[in-house]
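I am keeping these entries as I look things up, beginning with one helix and going on to the packing and the aromatic rings.

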Amino acid sequence: MLKVNGARLWSSLMEMAAVGAAPKGGVRRLALTEEDVAGRALFARWCEDAGMTLSADRVGNLFARRAGKLAQARPVASGSHLDTQPEGGRFDGVYGVLAALEVVRTLNDAGIETDKPIEIVVWTNEEGARFTPAMLGSAAFAGVMPLEQALASRDGQGVSVADALVASGYAGERAIPGTPFDAYFEAHIEQGPILEENGVPIGVVTGGQAICWLDVRVQGQAAHAGTTPMRFRRDAMFAAAEMAASLETLVEMFAPHGLVTIGELGIRNASRNTIAADLTFTVDLRHHEDVRIAEMESTLRERFADIAERRGLTVQIDQHWVSPATPFDPVCVKAVADAVEALDYRHQRIVSGAGHDAIHIAKHCPTAMIFIPCVNGLSHNEAEDALPEDVTRGADVLLHAMLARAQRAS
């Protein structure tokens, strides 16, 4: 049975990891920075060596196309992203891009011409580490986000996506929203511990869970740290701490699928000897079901309001971004499952806990994902790792799922 060249795929992953390599063994390639552009250039060179043609759309998504017998047919696509977290790992996103490239290289080696074209996609700003929201490029492509909104997003230095695209040379001409693919398959590390814990090398992903990002602002009163008795204080920091602690008990009500994270926190005009008066923090809520995540948000708002009122403060809670639970296409999921069974790899069905470009693309065309384990379930960390044999197995599954779809006449 046809399989990919695992050693070649691993070599490509390690060569890409050297672009933007970070001191602790990880990678820093923020979207549309010099390092990201260098990573894209390396990928583009490999695609040209594989006989593919390149193009970009108006939000900088990069497409590499392998021609098919049916020139007018919509392509079977695969890919992910090359941008990383500020202290990111070597596999998050890049594995999906280079696994798709290895599919094309393997088809070339075997002399297989598919009926439908194949396209590999590098999505812009998936991580959301430089520009917000995350998955910006795929959102614009799928029509989930207006192009103007995507281009207007700015980083912490005030640079817009539009400015960064011009500076990087990736302000392309392909239309946004894009034409739907025939199908889209994305391979990715799981970014969690479930597959490794179960000793299973392949996850057949059935969909993505709901995500709700909230921005919280707590306002009290600044006062002197040495002269203000505790009973007179309206301390935004202690209020926020109580709110944070309340989230741990809240999420227990939604076990086992409810998740909550406070990822950013800041005190405005902070001073060591001044009581915090104006504090902001972010909340990330996740659950498999839309109705449950709505209940989580509602309960959070009630608890925070009660804490603020009791302490004599104000709290403002704004929705920053919401991504509903997204089921993947049953036919594409079956193609992945059929490929796994044909290869005789152990597998299980799994719901994606992380957001992925595939979540947006699933609203645009038939979509499915393939997960492989990551060591200790660790991701968004320079210590992120994956085993070569798992990397290879995932690419084998991607190869056969894509090949089955690309050889279909309809």
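**Entry 1, a helix and its ends.** I began at the start of H10, where a side-chain oxygen of Asp-329 comes to within 3.2 Å of the backbone nitrogen of Val-331; I keep in mind that this is a predicted model. Just after H10, I found that Asp-344 has a positive phi of about 60 degrees. I then checked the length: H10 has 14 residues, 330-343, which at 1.5 Å a residue should span 20 Å, and the C-alpha atoms at its ends are 20 Å apart, so the two agree.

**Entry 2, what H10 packs against.** Which residues of H10 are buried? I noted Cys-332, Val-333, Ala-335, Val-336, Ala-337, Ala-339, Val-340 and Leu-343. Their cover includes strands E5 (183-189), E6 (202-208), E13 (347-352) and E14 (367-372), together with helix H12 (388-406).

**Entry 3, the cores.** I looked next at the largest nonpolar core, which has 94 residues, and in which Phe-43, Leu-98, Phe-181 and Phe-185 touch the most other members. Helix H3 (residues 94-110) gives the largest share of this core, ten residues. Apart from this core lies another, of 25 residues, and I wrote down Leu-247, Phe-254, Ile-293 and Ile-317 as being among them. Going back to Leu-98, and leaving out residues up to four places away in sequence, I found that Leu-98 touches Leu-9, Ser-12, Leu-13, Met-16, Phe-43 and Trp-46.

**Entry 4, aromatic rings.** How many aromatic pairs does a search of the whole structure find? The search gives ten. One of the pairs, Phe-181 with Tyr-184, is stacked, with 6.1 Å from centre to centre and 20 degrees between the planes, and both of these residues are buried. For Trp-213 and Trp-321, the ring centres are 4.8 Å apart and the planes are at 65 degrees, so I entered this pair as edge-to-face. Trp-213 belongs to strand E7 (residues 210-219) and Trp-321 to strand E11 (residues 314-323), so the pair ties together parts that are 108 residues apart in sequence. I also looked up the relative accessible area of Trp-321, which is 12%, and Trp-321 is therefore buried, the cut-off being under 20%. Phe-181 and Tyr-184 came up again in one aromatic cluster, which they form with Phe-63, Trp-123 and Phe-141.

**Entry 5, charges over rings.** Last, I noted that the charged end of Arg-40 sits over the ring of Tyr-170, 4.6 Å from its centre, and that Arg-105 lies over the face of Trp-46, at 5.5 Å from the ring centre.

Notes
Residues numbered from 1 in each chain as written. Predicted model: local features only at pLDDT ≥ 70, side-chain atom pairs only at ≥ 80, totals over all residues. Heavy atoms only, no water. Helix = DSSP H or I, 4+ residues; strand = E, 2+ residues; numbered from the N terminus. Expected span 1.5 Å × (residues − 1). Buried < 20%, exposed > 50% of the residue type's maximum accessible area, 1.4 Å probe, protein only. Contact = heavy atoms within 4.5 Å. Polar contact = N/O pair within 3.5 Å; in protein donor to acceptor, adjacent residues only side chain to side chain. Core = buried A, V, L, I, M, F, W, Y, C linked by side-chain atoms within 4.5 Å. Phe/Tyr/Trp six-rings, centres within 6.5 Å; stacked < 30°, edge-to-face > 60°. Lys NZ or Arg CZ within 6 Å of the ring centre and 35° of its normal.
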